[in-house]
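Grab a coffee and open the model in your viewer. Here are a few exercises to work through, each with a solution you can check as you go.

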Amino acid sequence: MVSKQSTRALLANSKRLSSSDVSATDVPVDFMEEQANIQRRRRDQLKNACQTFGNDVYSARRKLGTSIIVDDKYKLMYCFVPKVACTSWKRVFLVLKGVMKYPDELPQPVVNNKVGPLKLKFIRSFNVSKHKEILENYTKFIVVRKPFQRILSAFKNKLFAGSTSPSAMIFQKTCGVHILNTYRSNNSRAYNGQVKRMRKKGKKVRYDLQFEEFVKFLTNSSEPSHRRNNPHWKEIYKTCWPCHIQYDVISHFETLETDANYILRLIKADGVVHFPSANGSSPTHSSDQAIYETHYSQVSSEDLRRLYDRYRLDFELFGYKRPRFV
């Protein structure tokens, strides 16, 4: 038997639900409609910033090519940025192309260095008239990330002595040793970072590069272009020309899976492939607030200002706030 108190509660609840005071926010919004609205706001942000900064961004354009992947079947175009989930999206493209059955089938080094370069279709392989068709008619997307988190991720993945990335040793022996030799003062040896002993040209090298030294390197405009503009830390706007290409979707690393689901539904491929997990990657945890703040607290205020100046357009174009410690 239902008590009088329970009956009164049920009647009160029923009255609330039937009331005309129920707001529109209580009604679920269709996922695709909601995401379309988010993308509209992101495109508006980008368009306004492009107009504001004018020549600063429009002068960055180079030939279309190395960073743009195209899938003809699903009419999809993707400009990939290293350290912003690009391996995960390459996996998706390989499944769409039928090279892999599921996105986690092959290890990361194979995807990036063997299968991907051979099997993926890059825009440079098409003629000029096809470029026009792709840019006008295909669904075009880019994935962006908070610039300072991306920079930290590049350091921890490629240049930190404790990195587990298969390609880290190559970066450390070349760029890393150059940074140590150039930016470390002779009496600056008291570091808490992990130390690695490695061989370079037959000699043992004590390798313990610190993040603040990497920042000094990034902010030195006199560094040779091939080092300063390595794809892993090159500015996003110089990689994907967001003020030249009208991207339909601007995905944020912070909403990566939701944006990916939206893109796959948009091209009607959500039943063909799912966005992969981070299994098999070399995580750097650079988005973790404690790790992020610990590393940037080591950097001088002057170097932080210089670093922000270099990546300012990536902050402005994609709607990221200036870090509070700059």
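The exercises below start with the whole chain and then move to helix packing and two lysines in loops.

**Exercise 1. Get an overview of the chain.**
Find out how many helices and strands the protein chain has, and what percentage of its residues is buried.

Solution. Keep in mind that this is a predicted model.
- Step 1: count the elements, and you get 14 helices and six strands.
- Step 2: look at burial. Of the 326 residues in the protein chain, 47% are buried.
- Step 3: turn to the surface. The chain exposes about 17,900 Å², and 49% of that comes from carbon and sulfur atoms.
- Step 4: check the contacts. Among those with a separation of 6 or more, 72% are between residues 24 or more positions apart.

**Exercise 2. Describe how H7 packs on H9.**
Work out the angle at which the two helices cross, and which residues meet.

Solution.
- Step 1: locate H7 at residues 147-159 and H9 at residues 211-218.
- Step 2: compare the axes. They come within 11 Å and cross at roughly 115°. Angles from 65 to 115 degrees count as roughly perpendicular, so H7 is roughly perpendicular to H9.
- Step 3: get the handedness, which is right-handed for H7 passing H9.
- Step 4: list the side chains. H7 brings Ile 151, Leu 152, Phe 155 and Leu 159, and these meet Phe 211, Phe 214 and Leu 218 of H9. Sorted by class, that gives seven nonpolar residues, with no polar and no charged ones.

**Exercise 3. Do the same for H7 and H13.**
Which residues of H7 meet H13, and what classes do the contact residues fall into?

Solution.
- Step 1: take the geometry. The axes of H7 and H13 are 11 Å apart and the packing angle is about 80°, so these two helices are roughly perpendicular to each other as well.
- Step 2: name the partners. On H7 you'll find Phe 148, Gln 149, Ile 151, Leu 152 and Lys 156; on H13, Ile 291, Tyr 292, His 295 and Tyr 296.
- Step 3: sort them by class, which gives six nonpolar, two polar and one charged.
- Step 4: look back at H9. Ile 151 and Leu 152 appear in the H13 contact, and Ile 151 and Leu 152 also appear in the H9 contact.

**Exercise 4. See what H12 buries.**
Identify the buried residues of H12 and the elements they pack against.

Solution.
- Step 1: pick out the buried residues, namely Leu 256, Asp 259, Ala 260, Tyr 262, Ile 263 and Leu 264.
- Step 2: follow them to their neighbours. They pack against helices H2 and H4 and against strands E2, E3 and E6.

**Exercise 5. Compare two lysines with positive phi.**
Is Lys 268 buried or exposed, and is Lys 83 buried or exposed?

Solution.
- Step 1: recall the background. Most residues other than glycine have a negative phi.
- Step 2: place Lys 268, which sits in the loop between H12 and H13. Just after H12, Lys 268 takes a positive phi of about 60°.
- Step 3: place Lys 83. This lysine lies in the loop between E2 and H4 and has a positive phi of about 70°.
- Step 4: apply the cut-offs, under 20% for buried and over 50% for exposed. Lys 268 is exposed because its relative accessibility is 67%. Lys 83 is at 17%, so it counts as buried.
- Step 5: finish with a distance. The C-alpha atoms of Lys 268 and Tyr 74 are 8.0 Å apart, although 194 residues separate them along the chain.

Methods: Residues numbered from 1 in each chain as written. Heavy atoms only, no water. Axes fitted to C-alpha atoms, helices over the stretch in contact; angles between N-to-C directions. Helix = DSSP H or I, 4+ residues; strand = E, 2+ residues; numbered from the N terminus. Parallel < 35°, antiparallel > 145°, perpendicular 65-115°, else oblique. Left-handed = near helix turned anticlockwise from the far one by under 90°. Contact = heavy atoms within 4.5 Å. Nonpolar A, V, L, I, M, F, W, Y, C, P; charged D, E, K, R; others polar. Buried < 20%, exposed > 50% of the residue type's maximum accessible area, 1.4 Å probe, protein only. Areas by Shrake-Rupley, 256 points an atom, 1.4 Å probe, with all protein chains shown as cover.
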